[in-house]
Amino acid sequence: MGGGGGCGETRTPAAFPPRKKDRLPRGSVSHERSLEHQKKGPSSSGPSVTSNKSPLQMGTPVQPQKSQDSHLNMVTSVQRSEPQGSRSSPCSSGVVGSVSGATPFDICIRDAKCSIKLNRSLLELNREKRRERELSKELAPLQYLRPGMVLLKRFLKHDDQVNIIKCCQRLGVGPGGFYTPGYKDGAKLNLRMMCLGKDWDPNSSLYGDTRQFDGAHPPNIPEEFGKIVQDAIKASNEFLKQNARAAKAIEEVPPLSPDICIVNFYTSSGRLGLHQDKDETKPSIDKGLPVVSFSLGDTAEFLYGDGRDVDKASKVDLESGDVLIFGGKSRKIFHGVSRIKPNTSPKWLTDETNLQPGRLNLTFRQY
Ligand SMILES: O=C(O)CCC(=O)C(=O)O
């Protein structure tokens, strides 16, 4: 795995000139187009469910839901006064992140005095973990969403979830840590972001070795993260092999050596408009090398489909511990997050990590 290292290490500078992306021009199907879409104003209808689910899909179908949100509000204006990511803590100190990245953003609540949290007994915590294990037995552990797209329900073990959050917290407040990505015109994405391994700049759609706005080197991708990615791909392939007959074709998730991981933190109001991940190299995309996505904390309503139209998109809940893989025929699928469901993070997880309300997402790719 490229860019490997333990949690907390900073990557050593290497020659990696930013490459102009060699795919569709900006604005056609990228984050920026989504931005333009947002600026035009709300459409009349909210995200709905049109599902072309395959016979292999074993999970509970997601019911169509009338959303209050008329559009995927991916960006917010600069004048936002409410600091994103702050719990209603009396000790909040105002803006906790900026385009300049000057103020680090902590995904966990650090100040014990500020956190209004009662320590629950070990007995209670264990009961909760047991209950969750029972619940997950009722879920199909792997779900085939469409060719090239597999969802591994609650794949991340409890300890892994805790370690990933703690690791991202540590890296996120250091050099190259979380910031609020923004565009030249001042609009901001509705989330916090940090890159590991390499930098990806949403403004220019370029990959590079250092962050353009502050010159910081992205921290390495911790080796333990890479190991989980490999385990998830292996589990998907075993599942696909077992179900090859039902799928009427043998499908395989191509091997991935992730050298970039984009870490997003969504507060309860966080969103991400429908977009394609297409800024990686042409060979990476042409080979269908997968994007592997970890979800932690609050549940996300995840949309995916063949175009930018939210009304035609399918919808699936991504819960804490879920791993989603999309490669092969689904590598360039449109996807986004229409909403974060508040208070859905497992209690044991927030107790053990002090994770702020919201959702942590890691997407691994190969440049
Ligand atoms: O948060 C997610 O599940 C999706 C993230 C994503 O689409 C991205 O980082 O490109």
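With 18 C-beta neighbours inside 10 Å, serine 205 counts as partly exposed, so select this residue for your opening stop. The label depends on counting: a residue is buried if 20 or more other C-beta atoms lie within 10 Å of its own, exposed if 12 or fewer, and partly exposed in between, with C-beta atoms placed from the backbone. Serine 205 is in the loop between strand E7 (199-201) and strand E8 (206-208). Its phi is near 60°, a positive value in a residue other than glycine. Most residues other than glycine have a negative phi.

Before moving on, note that residues are numbered from 1 along each chain as its sequence is written. You are looking at a predicted model, in which local features need pLDDT of at least 70 and side-chain atom pairs count only at pLDDT 80 or more, while totals for chains, interfaces and linings use all residues.

**A second positive phi**

Now go to asparagine 354, in the loop between helix H7 (347-353) and strand E17. Asparagine 354 is not a glycine, yet has a positive phi of about 65°. Is asparagine 354 buried or exposed? It counts as buried, because 20 C-beta neighbours lie inside 10 Å.

**The whole chain**

Zoom out and colour by secondary structure. The protein chain has seven helices and 17 strands. Helices (H or I, at least four residues) and strands (E, at least two) are DSSP runs, numbered from the N terminus. Of the 367 residues in the chain, 44% are buried. Among contacts with a separation of 6 or more, 79% link residues 24 or more positions apart; two residues are in contact if their C-beta atoms, placed from the backbone, lie within 7 Å.

**A hairpin and its next partner**

Select strands E3 (residues 142-146) and E4 (residues 149-152). They run antiparallel and are joined by four bridges; two strands pair if DSSP finds at least two bridges between them. Glutamine 143 has leucine 151 in E4 as its bridge partner. The two strands form a hairpin with two residues between them, and glycine 148 in the turn has a positive phi of about 85°.

Stay with E4 and look at its two faces. Met149 and Leu151 on one side and Val150 and Leu152 on the other are all buried. Next, add strand E15 (residues 323-326), which pairs with E4 in the antiparallel sense over four bridges. Methionine 149 stands opposite phenylalanine 326 in E15.

**Valine 323 and the core**

Click on valine 323, also in strand E15. This valine counts as buried because it has 26 C-beta neighbours inside 10 Å. Which residues does valine 323 touch, not counting those up to four places away in sequence? They are Leu152, Phe155, Leu156, Ala232, Val292, Ser293 and Phe294. Show lysine 153 as well: valine 323 and lysine 153 are 170 residues apart in sequence and 6.6 Å apart in space, C-alpha to C-alpha.

Valine 323 also takes you into the largest nonpolar core, which has 70 residues; those with the most contacts inside it are Val150, Ala232, Cys261, Val292, Val323 and Ile325. The largest share of this core, seven residues, comes from helix H4 (residues 223-242). A nonpolar core is a set of buried Ala, Val, Leu, Ile, Met, Phe, Trp, Tyr and Cys residues joined through C-beta atoms within 7 Å.

**Strand E6**

Select strand E6 (residues 192-196), where five of its five residues are buried. Arg192, Met194 and Leu196 lie on one side, with Met193 and Cys195 on the other. E6 pairs with strand E10 (residues 260-266) in the antiparallel sense over five bridges, and cysteine 195 has isoleucine 262 as its bridge partner there.

**Around the ligand**

Isoleucine 262 leads to the last stop. The ligand is surrounded by Ile262, Asn264, Leu272, Asp277, Ser293, Ala300, Phe302, Leu318, His335, Val337, Asn361 and Thr363. To be near a molecule, a residue needs its C-beta atom, placed from the backbone, within 6 Å of it.

Now show His275, Asp277 and His335, which an unreviewed UniProt entry lists for "binding site". They span 61 residues in sequence, yet no two of their C-alpha atoms are more than 8.6 Å apart, so they gather at one spot. UniProt annotations may be inferred rather than shown by experiment; feature names are shortened, and positions are given in the numbering used here.

Finish with two of these residues. Aspartate 277 lies in the loop between strand E11 (272-275) and helix H6 (282-286), while histidine 335 is in strand E16.
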